[in-house]
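Biologist: I would like to learn how to read a set of local features in a model. Could you take me through them one at a time, with the general idea before each case?

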Amino acid sequence: MQSTKTRRKVAPAVVENGDSGDKLDHLLLSSAVANGEDLGPFIRKAFASGKPETLLHSLRHFSRSKESEIEEVCKAHYQDFILAVDDLRSLLSDVDSLKSSLSDSNSKLQSVGVPLLSSLDSFVEARNISRNVNLALESVGTCVRLMELCSRSNYHLENNNFYMALKCVDSVESEFLNKTPSSTLKRTLEKKIPEIRSHIERKVSKEFGDWLVEIRVVSRNLGQLAIGQASSARQREEDLRIKQRQAEEQSRLSLRDCVYALEEEDDDGLSGGGVGNDGNGGSGILGFDLTPLYRAYHIHQTLGLEDRFKKYYFENRKLQLTSDFQVSSMTPFLESHQTFFAQIAGFFIVEDRVLRTGGGLISKMEVENLWETAVSKMCSVLEDQFSRMQTANHLLLIKDYVSLLGVTLRRYGYPVDALLDVLSKHRDKYHELLLSDCRKQIAEALAADKFEQMLMKKEYEYSMNVLSFQIQTSDIVPAFPYVASFSSTVPDCCRIVRSFIEDSVSFMSYGGQLDFYDVVKKYLDRLLGEVLDGALLKLINSSVHGVSQAMQVAANMAVLERACDFFFRHAAQLSGIPLRMAERGRRQFPLSKARDAAEDMLSGLLKTKADGFMTLIESVNWMADDPPQSGNEYVNEVIIYLETLVSTAQQILPVQVLKRVLKDVLSHISEMIVGALLGDSVKRFNVNAIIGVDVDIRLLESFADNQGSLFTDEDANQLKTALSQARQLINLLLSNHPENFLNPVIRERSYNALDYRKVVTISEKLKDPSDRLFGTFGSRAARQNPKKKSLDVLIKRLKDVS
């Protein structure tokens with residue numbers, strides 16, 4: 001084959017020296033033909049100029065010039081062409097030989113293959129028949145297995161074994177639906193499989209709906225049981241504390257041969273999830289059964305509807321919780337609060353179990369959101385109900401139940417601080433209501449007081465009214481019947497105060513605040529210092545009219561002073577702090593105003609009684625010729641009265657109270673004696689009268705000394721000190737050196753109770769014979785002895801000072 005050569009473009013020769021135009025056109029045409037360019041312009045130009053012959057001439061000339069080139073090319077390729085023709089002729093001969101050979105082979109093959117083809121046709125026919133039979137057998141087997149699965153599915157459906165029925169249906173769908181040879185059977189399966197699944201879903205949903213209805217009742221009972229167990233555990237703790245306090249009290253009293261064994265009972269499985277917990281969501285103590293829930297969840301998982309069921313469950317439980325928040329306006333909250341809180345507690349106990357064993361049915365965040373909603377609603381309800389309550393006991397009952405709710409749910413990991421904060425927020429209101437209740441009770445107890453000593457006929461009465469408040473004066477149990485020094489008001493008030501302490505501690509306990517003794521003590525101080533002290537003051541000022549009543553009230557106050565020590569110790573013990581800390585922070589007697597008022601009232605009545613006897617001082621002969629040997633009549637009457645008073649009062653009044661009262665009365669008698677000498681009724685008196693008054697004072701001092709068996713020597717000396725004003729005045733009037741009164745040292749030592757103005761007035765009334773020291777004291781007699789002169793100087797000096 002001749003190779004293709006690239007045609008080289010020929011450039012037209014340059015015309016020199018102005019060649020003619022025809023020759024130029026010829027050159028251009030030759031160049032265009034050589035280069036294979038379009039000859040259209042040359043043809044149009046030739047015809048346009050009317051000279052086509054020139055164009056034809058040029059083309060013929062170009063053709064002749066190329067014939068030689070063509071001839072040379074043909075000569076070059078002719079030899080190759082001859083050789084190729086020879087090769088083709090040789091190949092044709094070989095092909096003819098091959099054709100003959102193939103024809104012979106074909107004839108032989110036909111003769112041999114015809115019988116084989118007949119056999120092959122028979123084999124193919126038999127194989128097709130076998131295949132058809134096998135296919136029929138396989139179809140029958142498939143249908144048999146399919147029917148067995150359908151039968152098992154129907155059996156499981158009849159027995160409500162929905163999961164196994166679904167597994168059978170899934171097997172039918174995955175293994176046989178596309179392999180079923182019968183189109184009719186296939187259409188039936190395609191129709192029935194969704195119907196079966198829908199039927200199972202409806203049945204399971206109905207069971208789940210029944211469970212939702214049932215679980216509300218179960219939740220309420222479950223909550224009540226859980227809170228009841230928390231209450232029992234708290235009671236056991238309280239019993240243990242009581243035993244511990246008894247042991248501490250006996251140890252404090254240093255009793256020997258006592259062995260204390262404090263045993264703590266088992267917790268009865270009150271750890272988190274202990275109520276109705278069988279580990280499988282099955283029935284517990286109250287039929288706490290989660291099987292229908294988990295069955296429905298499992299079936300929906302199998303149906304591929306897991307997310308939809310989760311949402312459906314959460315929405316329904318949320319609606320149930322919302323309905324649980326409804327507080328009936330027809331029933332007082334005090335009656336319905338246990339059901340209200342128990343329902344909520346049971347709800348979250350169930351949710352805690354579902355969270356832990358439900359396999360992701362509900363998430364922790366969803367439970368926390370439900371709990372936050374519940375806490376918010378419970379706080380709102382408590383705020384509203386507490387704001388309406390006007391009875392402390394009602395508020396305490398609800399608070400106790402709420403605190404038990406908190407203890408119960410804290411075991412399951414729910415935070416309850418917000419609930420405890422609401423309780424703490426209403427602490428002041430509760431105590432104000434409690435103080436108001438105690439104020440009424442104390443007023444009723446005091447109004448019922450007959451101001452009579454309390455008679456106790458049996459030992460249990462003594463234990464209930466004396467030992468229980470630790471107001472006994474001796475550890476020895478007295479003989480019965482026993483007459484106490486106090487009236488029935490004391491144990492009645494003690495019971496009220498003790499109840500106040502226990503209620504206060506009960507409210508403060510389990511409220512999230514561990515150290516609450518200071519709060520209890522603050523309100524106890526208010527109860528004692530404001531309520532009880534104020535009520536006693538009102539009683540003293542309005543209802544005490546006689547010495548016996550005043551004496552009984554004063555005796556009651558002394559007993560209440562011992563009781564107050566018990567109150568603070570009792571508050572400390574209930575608050576769980578050491579007694580030494582309570583004693584370290586003890587303040588003064590909170591009923592001091594009432595005590596002082598009672599003693600002042602008793603002293604005032606005794607002074608009034610003494611004033612009746614002191615009126616006899618008007619019968620004293622102030623200008624007696626001889627001093628009386630056995631004292632004046634008034635002092636004998638006063639001493640008889642004081643002795644009678646002491647013998648009666650020592651049966652009721654404590655020694656210190658009796659000492660204070662006697663001291664006050666003796667001081668009053670002393671003032672009355674001085675007042676008699678100072679008064680206008682006594683114009684003049686002589687030394688004999690002063691000696692008689694000295695005897696009177698000695699008798700009174702002797703009376704004070706005779707109380708040594710009742711008082712200590714120091715107390716007896718204090719009683720004598722109460723007479724110091726009268727004693728110092730008489731000593732001064734009988735002194736041989738009255739001018740010593742002007743000496744500051746001697747005056748401070750011997751006459752510190754005297755008012756110099758009174759001394760001047762009384763000294764001027766003294767009139768005595770001239771042989772006496774004060775014979776002309778205060779007169780203008782011409783003759784005076786030196787002693788009288790020194791007294792005149794004293795009077796003059798004292799008048800100058802005044």
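Biologist: To begin with a single residue, is Q725 buried or exposed?

Modeller: Before the case itself, a word on what we are reading: this is a predicted model, in which local features need pLDDT of at least 70 and side-chain atom pairs count only at pLDDT 80 or more, while totals for chains, interfaces and linings use all residues. Residues are numbered from 1 along each chain as its sequence is written, and side-chain values use heavy atoms, with hydrogens and water left out. A residue is called buried under 20% relative accessible area, exposed over 50%, and partly exposed in between, with a 1.4 Å probe and protein chains only. Q725 has a relative accessibility of 15%, so it counts as buried.

Biologist: In which helix is Q725 found, and with which residues is Q725 in contact, leaving aside its neighbours within four places in sequence?

Modeller: Helices are DSSP runs of H or I with at least four residues, strands are runs of E with at least two, and both are numbered from the N terminus. Q725 belongs to helix α23, residues 724-733. Contact means heavy atoms within 4.5 Å, and, once neighbours within four places in sequence are set aside, Q725 touches S670, E671, V674, A753, L754 and K758.

Biologist: How should I read a whole helix, for instance α12, and what does α12 pack against?

Modeller: One can start with the span, whose expected value is 1.5 Å times one less than the number of residues. Helix α12 has 21 residues and reaches 30 Å from its first C-alpha to its last, close to the 30 Å expected. Its buried residues are Y430, H431, L433, L434, L435, C438, I442, A445 and L446, and these pack against α10 (392-410), α14 (489-508) and α15.

Biologist: Turning to cysteines, how many disulfides does a search of the whole structure find?

Modeller: A disulfide is a covalent bond between the sulfur atoms of two cysteines, and here the criterion is a pair of cysteine sulfur atoms within 2.5 Å. The search of the whole structure finds 0 disulfides. C564 is in no disulfide, and the nearest cysteine sulfur, that of C494, is 7.9 Å away. C564 counts as buried because its relative accessibility is 2%.

Biologist: How many salt bridges does the structure hold, and which cases would you show me?

Modeller: Side chains of opposite charge can pair when their charged atoms come close. The criterion for a salt bridge is a side-chain nitrogen of Lys or Arg within 4 Å of a carboxyl oxygen of Asp or Glu, and the structure holds 21 of them. One of these joins D525 and K521, at 3.3 Å from N to O; both residues lie in helix α15 (residues 517-543), 4 residues apart, about one turn of the helix, and both are buried. Another links K399 with D400 at 3.9 Å, N to O, and K399 is buried because its relative accessibility is 0%. In the bridge between D596 and R595, the N to O distance is 3.5 Å; D596, at 36% relative accessibility, is partly exposed, whereas R595, at 19%, is buried. Salt bridges also form a network, in which D694, R698, E701 and R727 are linked.

Biologist: What should I look for in the backbone, and where does F451, with its positive phi, lie?

Modeller: Most residues other than glycine have a negative phi, and most peptide bonds are trans. F451, which is not a glycine, has a positive phi of about 55 degrees, and it lies in the loop between α12 (427-447) and β1 (455-456). F451 is buried, since its relative accessibility is 13%. Q470 likewise has a positive phi, near 55 degrees; this residue sits in the loop between α13 and β2 and, at 22% relative accessibility, is partly exposed. As for the peptide bonds, the one from F480 to P481 is cis, with omega near 0 degrees, and P481 lies in the loop between α13 (459-465) and β2.

Biologist: Which residues does Y482 contact, apart from its neighbours within four places in sequence?

Modeller: Y482 lies in strand β2, residues 482-483, and, with those neighbours left aside, is in contact with M454, L455, M456 and Y462. Its relative accessibility is 25%, so Y482 counts as partly exposed. Y482 and E461 are 21 residues apart in sequence and 9.8 Å apart in space, C-alpha to C-alpha.
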